[in-house]
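User: Could you pick one part of this model and go through how its strands and helices fit together? I'd like the geometry in detail, with each cut-off spelled out once.

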Amino acid sequence: NRQIRLAARPVGEVKADDWEHRSEPVEEPGLGCFVGRTRMISLDPAMRGWLDDRPSYLPPVGIGEVMRAGSVIEVTASQHPEYRPGDQVVGTFGVQEYVVSDGKGAVKIDTSLAPPSTYLGALGMPGMTAYFGLLDVGALKEGETVVVSGAAGAVGTMVGQIAKAKGCRVVGIAGGPDKCALLTDELGFDAAIDYRAEDVRKALRREAPDGIDVYFDNVGGDILDAALTRLAMHARVVVCGAISQYNNETPVKGPSNYLTLLVRRARMEGFVVFDYAKQYARAAQEISAWIEDGRIKVKEHVVRGTVDDFPETLQMLFRGENVGKLVLELA
Ligand code: NDP
């Protein structure tokens, strides 16, 4: 059983020797447990935060532990009454080829309805994050102007398309002309801003002339500052993540112009998607319907390899090399 374990706490960018590649014998399932073979591993920016030894919404991954990760597995042997060989299951099973589970936190999926990768993306954690972040925290209303950063990523592509399905004007911010073309030409965004090539402040003045009602922030840093300058009255700023800050060796850069919240009577609120777990099924139903009627297009970036490719694949998120949901499919 090939596994990726945390060898050392990274400082700044994660390096190859922060990981240990190990092989262990595959265990047999005890009574009430099943064994599964990993098919697909989810890569998430949040993983960077789980490596730091500081208080957060989950405890850090311990040194020597198998790296925490969401994945889809196929049950290969079972002594659990509810699981049979061949069942496809999603859960937090870690970066390893085989896992023994008692079923806690595991959910059976129907891969005849959607491919396994989609249960890690549009119908999984990123889809839920977009849905509840936008509709609950962002309290989105029809006809409003929504701006989302990290727009061509797993969460961002869903945020923009859900906002379009709800009748909003949507502006995406992403890196590079190809990602921007994808947003407007394929995913139905009204406009896209290439933050690597354009001055985001100026571009927002052009694309959101009446101000931003909901800013969905995936990146933090300078882009957050630029969005704050253009808030409309009673705007909502959804603090989903701040990937531009995750590899910092210095303190996180806070907004320098937060007093626009005061002037615009705006609100800025963070959230953790796991708090909505009881409502996932309802959201997944609505998202499935949008996928079916073509209002949402699923964007996935599948890398094929082995668990040993996990460290390199994770770095793709921080280099902007993924389009849509990044997953590692095991050969
Ligand atoms: P993505 O698929 O969006 O991948 C990350 C993207 O971030 C890259 O493709 C890249 O796109 C962009 N990026 C990387 N570095 C920078 C930078 N320095 N400045 C600006 N953009 C950068 O990841 P996810 O959709 O999975 O996650 C998006 C955000 O949502 C993250 O911040 C994550 O932590 C957060 N999140 C929060 C949850 C919650 O419960 N609050 C749950 C799930 C995710 P580009 O080429 O455009 O730069």
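Analyst: Two strands pair if DSSP finds at least two bridges between them; helices (H or I, at least four residues) and strands (E, at least two) are DSSP runs, numbered from the N terminus. This is a predicted model, where local features need pLDDT of at least 70, side-chain atom pairs count only at pLDDT 80 or more, and totals for chains, interfaces and linings use all residues. Residue numbers start from 1 along each chain as its sequence is written.

Let's take the open sheet and then the helices. The sheet has six strands in the order β10-β9-β8-β11-β12-β13, paired in parallel. At its edges stand β10 (191-194) and β13 (267-270), each with a single partner strand, so one side of each has no neighbour in the sheet. From one strand to the next, the twist averages 15 degrees (axes are lines fitted to C-alpha atoms, for helices over the stretch in contact, and angles run from 0 to 180 degrees between N-to-C directions).

Inside that sheet, β11 (residues 212-217) and β12 (residues 231-239) run parallel and are joined by five bridges. Tyr215 has Val237 in β12 as its bridge partner.

Now for the helices on the sheet. α3 (residues 154-165) lies across β8 (145-149), β9 (169-174) and β11, and runs at about 170 degrees to β9. Helix α4 (residues 177-186) lies across β9 and β10, and its angle to β10 is about 170 degrees.

α3 also has a helix partner. Helix α2 (residues 125-137) packs against α3 at about 45 degrees, with the two axes 8 Å apart. That is why α2 and α3 count as oblique (under 35 degrees is roughly parallel, over 145 roughly antiparallel, 65 to 115 roughly perpendicular, the rest oblique). α2 passes α3 in a right-handed crossing (the near helix is turned clockwise from the far one by less than a right angle; anticlockwise would be left-handed). On the α2 side you'll find Pro126, Gly127, Thr129, Ala130, Tyr131 and Leu134, which meet Ala154, Val155, Met158, Val159, Ile162 and Ala163 of α3 (contact: C-beta atoms, placed from the backbone, within 7 Å). Sorted by class, that contact has ten nonpolar, two polar and no charged residues (Ala, Val, Leu, Ile, Met, Phe, Trp, Tyr, Cys and Pro are nonpolar, Asp, Glu, Lys and Arg charged, the others, Gly among them, polar).

α2 meets another helix too: the axes of α2 and helix α8 (residues 280-292) come within 10 Å and cross at roughly 95 degrees. That makes α2 roughly perpendicular to α8. Here Gly127, Met128, Tyr131 and Phe132 of α2 meet Tyr280, Ala283 and Ile287 of α8. The class count for α2 with α8 is six nonpolar, one polar and no charged residues. Gly127 and Tyr131 turn up both in the contact with α3 and in the one with α8.

One more helix pair is worth a look. Helix α5 (residues 200-207) and helix α6 (residues 221-228) cross at roughly 40 degrees, their axes coming within 9 Å, and the crossing is right-handed. Val200, Arg201 and Leu204 of α5 make the contact with Ile223, Ala226 and Ala227 of α6. By class, five of these residues are nonpolar, none is polar and one is charged.

Key: Contact = placed C-beta atoms within 7 Å.
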